[in-house]
Amino acid sequence: MNERMNENLWLTAAECAERIGLTVKALRLYEKRGLVNPRRTGKNWRLYGIEDIARLNEILALKRLGLSLARITELLAGQATDLDRTLSMQQTQLLSLRSRVEESLSRINALRQRIAAGEPISLNELVSIAKETSMTDQSADAAAWRRYEQARPRTEGTIAPELNDDYLGAYLFEWGGSITIARREGGLTAQVLGQEAIDIYPEKEDEFFYRVVAAQIGFRRGPDGRVDGLVLRQNGWEQEASRIDAAAAARLVADLENRTKNKQPVDNSEALLRSLIAQHQSGEVDYDRMVPALADAGREQMPMIRADLERAGTLRSISFKGVSSEGWDVYDVAFENAAMEWRFVLAADGRFSGIFFRRLP
């Protein structure tokens, strides 16, 4: 029997290194670290199969994020390869990079048209283009790493039961929403304003995780040791919230119930939506009007959003439907070739903190 086997299933060390762009020495190092465990033939040749290639893909993705081999070894020790999580991280990086490149090319094209028309170009514009051309996409790398880290499996730990008392109460996010930590039998729940309460589980002291979604909550303590805030980690982003008293939390609930019951949109709601749609149709989006996490997600998804709107065609009409239980203004939007539902929510400072749309049947 040919010990080399089917090359579509197994690769020798030399073949693996050549195809992936590594050295055989690097493969030996990863094996020594326990990161890969290639199969051995009767002649003691190393053969790398699909699971080994997937793990190498994972290692290289983490190295591109700037993690040291020691940190990668610590992170992956005892963990099965999660190929989907790795591909998701790489997809985030590439989509964000593509969006940034397309945005820069559009600005360069506009500048060239102005030069051709004999119009002056400012120093600041040239500096901005030069900076974009030379910069690395560190924000996308950071978001991809956080998303990868948040998606890793969590194991429930044991904490002193009395610690749960430290976490109880309401917390206010920078964008104006709140989250309330309450008791349940045997543990705690977390309830974002306008949503259902979801069970959370301790990983260790001050660190909790959800089981139904890839998200975690880390509680923050002040100089006096008391919990004064938390961080919600989800979808690659971290949202900080400060503790508020019961009266302030009750006012937030009452305000939301009032807006929902009376179908009261935010000021200039329709004008904000029309501007938002027009910006995405033109590809010139004012990301400064969004909170940072939403702005970064918007840049990542811009090519897909613009493509959807191009297929939808010309905007025909907008009709306000009401306010969702989470506080989003909801609209039916008619385009030439499609009907959609659009909704958005604003942060306390007036910036967009959430934007969503979907096609209607």
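1. Start with the largest nonpolar core of this predicted model. The core holds 25 residues. L273, M290, V333, F335 and W342 touch the most other members.

2. Which elements give two or more residues to this core? Two are helices, α10 (269-282) and α11 (292-312). The others are strands: β13 (329-335), β14 (339-346) and β15 (352-359). The largest share comes from α11, which supplies six residues. In soluble globular proteins, nonpolar side chains tend to be buried together.

3. F335 deserves a look of its own. Leaving aside residues up to four places away in sequence, F335 touches I277, Q281, L309, A312, G313, T314, L315, R316, M340 and W342. One of these contacts, W342, is also among the core members that touch the most others.

4. There is a second core, separate from that one. This second core has 21 residues, including A17, A26, L69 and Y148.

5. Now the strand pairing around β4. Strand β4 covers residues 169-173 and strand β5 covers residues 178-184. The two pair in the antiparallel sense, over four bridges. In this pairing, L172 stands opposite S178 of β5.

6. What links β4 to β5 in the chain? The two strands form a hairpin, with four residues between them. G176 sits in the turn and has a positive phi of about 110°.

7. β4 also pairs with strand β11 (residues 237-244). Four bridges join them, and the strands run antiparallel. Y171 has R243 of β11 as its bridge partner. β4 is therefore bridged to both β5 and β11, each pairing meeting the requirement of at least two bridges.

Key: Residues numbered from 1 in each chain as written. Predicted model: local features only at pLDDT ≥ 70, side-chain atom pairs only at ≥ 80, totals over all residues. Heavy atoms only, no water. Core = buried A, V, L, I, M, F, W, Y, C linked by side-chain atoms within 4.5 Å. Buried < 20%, exposed > 50% of the residue type's maximum accessible area, 1.4 Å probe, protein only. Contact = heavy atoms within 4.5 Å.
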